[in-house]
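Open the model in your viewer and keep the selection panel at hand. The tour below goes stop by stop.

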Amino acid sequence: YFLEGTGKITNLYGWLGFWFSGLLAAQVGFRFALRKVLGTLRARGFNLRHVVLAGNSASSTKIAQAVAEHPEFGINIKGYFDDRVIVRGGMPSDYLRLGPISEITEYAKTHVLDQVWLAYPAKGEERSKLVVNELRHLTVDIRYILDTSGLMDGRNQFDSEATLTEFGGLPLLDIEVSPLEGFGKYIKTIEDKILSTLALLALAPLLAI
């Protein structure tokens, strides 16, 4: 079908270029639209990630304020655990103290909980390790809110591999995070199947030859 001298080879290259460009544009557009849709749904209370804070510090106050300002991020902070009863100034009044740190494991076992964010300063490393050790057998993501003003260096203080992400202008250290979580794994599956189907259809003429 694609014979040199008939113009078909040129048409093939042009078609492939158009197909790859169109597929790239479609994928970028799909991801952008998906982000917008998910942001709207999360702002209305759908597809939320349920989070509790471990520690009542300046970092937990900042992260609580950031969550309140960005409902489209889909974060529902159910409260915080801290051994101190006194509430730090700036913490939203509707953020409940759920109990001392010793009760965080039992709470994770009996409530819907997706993530625990550690809000201890660098000098509270031992308390952070204690929480990580207590939750190591549960299917709960653990994140560390980095207070960069108190860090002497950027080295990871934990034994497991970690990656940095950002939320509300604050860096988060992902200590243990599932590769795909919540609604994202279904979107990824659908996306993979659609792209693979389009690729097979587009390559069908070449495969037939």
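Buried here means under 20% relative accessible area, and exposed means over 50%. Keep in mind that this is a predicted model.

**Stop 1: helix H2.** Select residues 58–69. This is helix H2, with 12 residues. From first C-alpha to last it reaches 17 Å, close to the 16 Å expected at 1.5 Å a residue. Now color its buried residues: Ser59, Ser60, Thr61, Ile63, Ala64, Ala66 and Val67.

**Stop 2: arginine 44.** Go to the loop between helix H1 (8–43) and strand S1 (49–54); arginine 44 is there. Is arginine 44 buried or exposed? Its relative accessibility is 66%. The cut-off for exposed is over 50%, so arginine 44 counts as exposed. Next, add glycine 74 to the selection and draw a C-alpha distance to arginine 44: 8.8 Å. The two residues are 30 apart along the chain.

**Stop 3: strand S4.** Select residues 115–118 for strand S4. Both faces are covered. Gln115 and Trp117 lie on one side, Val116 and Leu118 on the other, and all are buried.

**Stop 4: the neighbors of S4.** Show strand S1 beside S4. The two run parallel, joined by 4 bridges. Pick valine 51 to see one pairing: its bridge partner in S4 is glutamine 115. Then add strand S5, residues 141–145. S4 and S5 also run parallel, and 4 bridges join them. Which residue of S5 stands opposite leucine 118? Select tyrosine 144 to find that partner.

Conventions. Residues numbered from 1 in each chain as written. Predicted model: local features only at pLDDT ≥ 70, side-chain atom pairs only at ≥ 80, totals over all residues. Heavy atoms only, no water. Buried < 20%, exposed > 50% of the residue type's maximum accessible area, 1.4 Å probe, protein only. Expected span 1.5 Å × (residues − 1). Pairing = 2+ DSSP bridges.
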